[in-house]
Structures are given as structure tokens and as C-alpha cells.
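Please examine the structure below together with its sequence. The briefing that accompanies it is grouped by topic.

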Amino acid sequence: MRFLHSLPAVAIAVFAAAPPTYASDTKDAGHDEVSVLVQTAAVKRGSLPRIIVAYGVAKTNPTAQESVVAKVSAVVAAVHVRTGQAVRKDDPLVELRPTPSTRAAYAAAVSAERAAADALSRTKQLAAELLATAQQLAEAEKADSDARTALQALRAQGADGLAVLRAPFPAVVTAVSAAPNSIVAEGAPLVELARPNGLVLSTGVVPAQAASIEPGNAAVVEALGRGETLKTRVALRGAAVDPASGLVPVDVSLPAGALLPGETARASITIGEAQGFVVPHAAILVNEQGDAYVIQAVRGVAKAVPVRILATVGDEDAVGGPLDVAAPLVVAGNHQLQDGMKVRYANEAAGSRP
């Protein structure tokens with residue numbers, strides 16, 4: 001009897017639901033030959049989709065992310081959101097009040113704007129009396145404009161008092177780095193936002209498989225633990241290996257609301273079709289060298305036929321090999337057979353053979 005191994009990438013069922021048994025063939029009373037009771041199936045040509053399975057986590061597409069930052073150095077007066085919260089457009093996120101240095105800068109800008117306005121007024125009067133040149137008038141106008149612009153900028157940044165930073169669009173809060181009463185520098189990120197329709201399933205595949213994946217490939221995503229599936233497509237296939245994981249990044253698009261950020265899911269990516277013979281899992285055996293084969297019943301005698309597994313979907317495999325389409329395929333009792341052994345058909349009692 002051959003020692004059977006399990007294929008590493010394919011779950012192979014080699015035992016039938018009803019275990020086959022050895023029996024003595026009694027067709028010839030004077031001649032005892034060992035035979036095996038088997039169940040068979042017809043050999044059929046066909047195709048199965050070639051599928052690569054990858055696991056990943058729902059993450060925000062970088063193009064759909066936005067950081068809300070401090071426009072000036074300020075003190076965090078209040079934080080109105082937390083990680084994972086959904087916000088609507090214009091919902092308050094963070095309140096900031098100016099630091100003493102920011103208030104001082106604003107006061108200086110107010111003073112500079114007043115001084116520039118007064119200087120411009122005097123220069124205009126002198127120019128009207130021909131006591132100031134056109135160049136002096138132009139310089140005064142520029143100084144006044146610059147001072148007003150600087151003051152307006154500080155006001156827009158909230159330097160003149162309490163500033164409320166609001167959500168620029170409907171979003172999900174993915175990170176909050178602001179803490180009440182903390183001092184934040186100009187440009188410091190306070191809240192990270194993600195558009196609800198900007199999630200992708202971030203997965204990774206081994207380099208040998210990555211070359212077969214292209215953006216636009218059909219994919220089926222199943223959230224682990226839910227049992228629900230959704231049809232989508234590959235959004236991106238990386239062109240380099242991630243040194244942290246040793247895998248090539250592959251992003252799969254997700255419809256809005258399909259998964260929660262951080263949720264784990266499985267993606268089955270279709271990369272083409274495998275043409276060959278479509279056989280049940282139960283028909284596949286593996287020899288001591290790790291090579292796959294099947295057993296066919298040729299005129300009541302077992303014959304081992306080597307095969308290559310091209311694709312697996314559900315409980316079927318697409319295989320290539322020199323199969324005889326006229327000879328039935330043994331799907332139960334095959335693990336007890338060797339070349340040349342006699343077979344008896346389980347459906348002989350019904351008066352027919354496959």
C-alpha cells in the first residue's frame with residue numbers, strides 16, 4: 001500500500017464517506033482473486049478559475065486620508081472626537097486657544113497694521129501736497145497691504161481667540177493625537193480622518209504569486225467571522241517586497257461600509273482559468289515522492305495516472321495529465337488500489353456501471 005501525503009496547497013480528501021472493503025471475487029468458484037469495492041465518476045473536461053487567497057486588514061487608502069493640523073502654536077482647549085468615531089461635515093473636532101507667544105504675535109500684528117494704515121494716510125496727504133514722491137506712496141501702500149495680510153492670516157489661524165477645528169467632509173476618525181491642555185506646535189497633526197469610501201483590504205502575497213496578479217483582477221472578499229462575501233477588484237499590486245513581511249503588497253477595493261477599519265478579511269483573487277479535467281478532491285492521491293495521481297478503472301482493472309493540479313475550487317480540482325475519458329475515475333476505495341488490482345463497482349447491484 002502506498003504511503004499518502006497531503007498536498008501543501010490543496011486539501012485532498014482521499015477517504016470515501018463509506019470506507020471501501022476488500023472482498024473475494026466469486027465469479028469463478030475455483031479462482032479466488034482479491035478485488036476492491038469502489039465508487040467511480042465519469043472523467044470530464046472543463047475549467048476552473050485560478051485563485052490566489054490572501055488575508056489582510058481593512059485600512060484607509062492613503063489617497064483618502066487627511067490630517068487636521070494646528071495652524072499656529074496653541075493650547076488644546078478641548079477634544080470632541082475619539083478614534084473610530086464617524087463624523088459629519090462641519091462637526092467640531094478640536095478646540096484651540098492661542099499660547100501667550102501666539103497672542104503676543106497677534107497683538108504685534110494688530111499694532112503693525114494700525115501703524116501701516118496711519119503711515120499710508122500721511123503719505124497720501126503729503127503726496128497730494130507734492131511733498132512725497134510716487135515711490136514713497138507705493139512703498140507705504142505695500143507696507144499697509146503686507147500688514148493687513150499678516151493680520152488676516154493670524155486671525156484665520158485662530159490667533160485672535162478660541163478656534164474650533166471642524167471636519168472638512170464626512171469621515172471616520174482613525175487617530176487622535178491631541179490631548180486637552182497640551183501645547184501643540186504649528187503644523188502638528190491633531191486628528192487623522194478617512195473618507196468612508198476610501199477603505200481597502202491591505203493584503204500581501206508571496207513574490208512567486210504576485211507576478212500573476214494585476215490591478216482590476218476580480219476578487220471576492222469575506223470578513224472573518226461574518227460569512228458574508230462581496231465581489232470587488234484588485235486596486236493595486238506592489239512592485240517591491242515589503243521588508244517587514246517578506247510579501248508583495250496587494251490592495252483590494254472595498255465598497256463604502258463593507259468593512260470596519262481594522263477588520264480582518266480574506267480575499268480570493270481570480271487570476272485566470274485552468275483548462276483540463278475537472279475531478280473531485282476525493283480522486284486525488286499523492287505518492288511517496290509527493291506527486292499527485294488518480295486511479296482509473298480500465299476494463300475492471302486499476303490504473304494509476306499521474307496528474308498536475310492546476311486549480312482548486314470548492315471540492316473540485318482542475319488537473320492535467322494523460323487521463324482516458326472513456327475510463328471511469330475511482331473516487332472511493334482508491335487509496336487501497338495499486339496498478340493491476342481488480343475493482344468491483346459499488347453500483348453493480350443496480351445493474352449498471354458508469
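The notes that follow cover a sheet, a cavity and contacts of aromatic rings. The model is predicted. Four of its strands form an open antiparallel sheet, and a search of the whole structure finds one cavity of 30 Å³ or more. The same kind of search for aromatic pairs returns zero.

**Sheet**
- The strand order in the open sheet is β4-β11-β9-β6, with antiparallel pairing.
- The edges are formed by β4 (65-69) and β6 (86-87), each of which pairs on one side only.
- Strand β6 is joined by two bridges to strand β9 (residues 171-176), and the two run antiparallel.
- Within β9, valine 172 is the residue that stands opposite alanine 86.
- In general, the strands of a sheet pair through backbone hydrogen bonds, in a parallel or an antiparallel manner.

**Cavity**
- The volume of the largest cavity is about 30 Å³.
- Its lining consists of Val72, Ala74, Leu96, Arg97, Pro98, Gln157, Gly158, Gly161 and Ala163.
- Strand β7 (residues 92-98) gives the most to this lining, contributing three residues.
- Sorted by class, the lining of the largest cavity holds five nonpolar, three polar and one charged residues.

**Aromatic rings**
- Zero aromatic pairs are found when the whole structure is searched.
- The face of phenylalanine 169 has arginine 195 lying over it, at 3.8 Å from the ring centre.

Definitions and conventions. Residues are numbered from 1 along each chain as its sequence is written. This is a predicted model: local features need pLDDT of at least 70, side-chain atom pairs count only at pLDDT 80 or more; totals for chains, interfaces and linings use all residues. Side-chain values use heavy atoms; hydrogens and water are left out. Rings of Phe, Tyr and Trp (its six-membered ring) pair if their centres lie within 6.5 Å; planes under 30 degrees apart count as stacked, over 60 as edge-to-face and the rest as tilted. A charge sits over a ring if NZ of Lys or CZ of Arg is within 6 Å of the ring centre and within 35 degrees of the ring normal. On a 1 Å grid over the protein atoms alone, a cavity is a set of points where a 1.4 Å probe fits but cannot get out, and a pocket is an open set with protein on both sides within 12 Å along at least five of seven lines; lining residues have an atom within 4 Å of a point. Grid points are joined across faces, edges and corners, and a volume is the space filled by probe spheres set on the points. Ala, Val, Leu, Ile, Met, Phe, Trp, Tyr, Cys and Pro count as nonpolar, Asp, Glu, Lys and Arg as charged, and the others, Gly among them, as polar. Two strands pair if DSSP finds at least two bridges between them.
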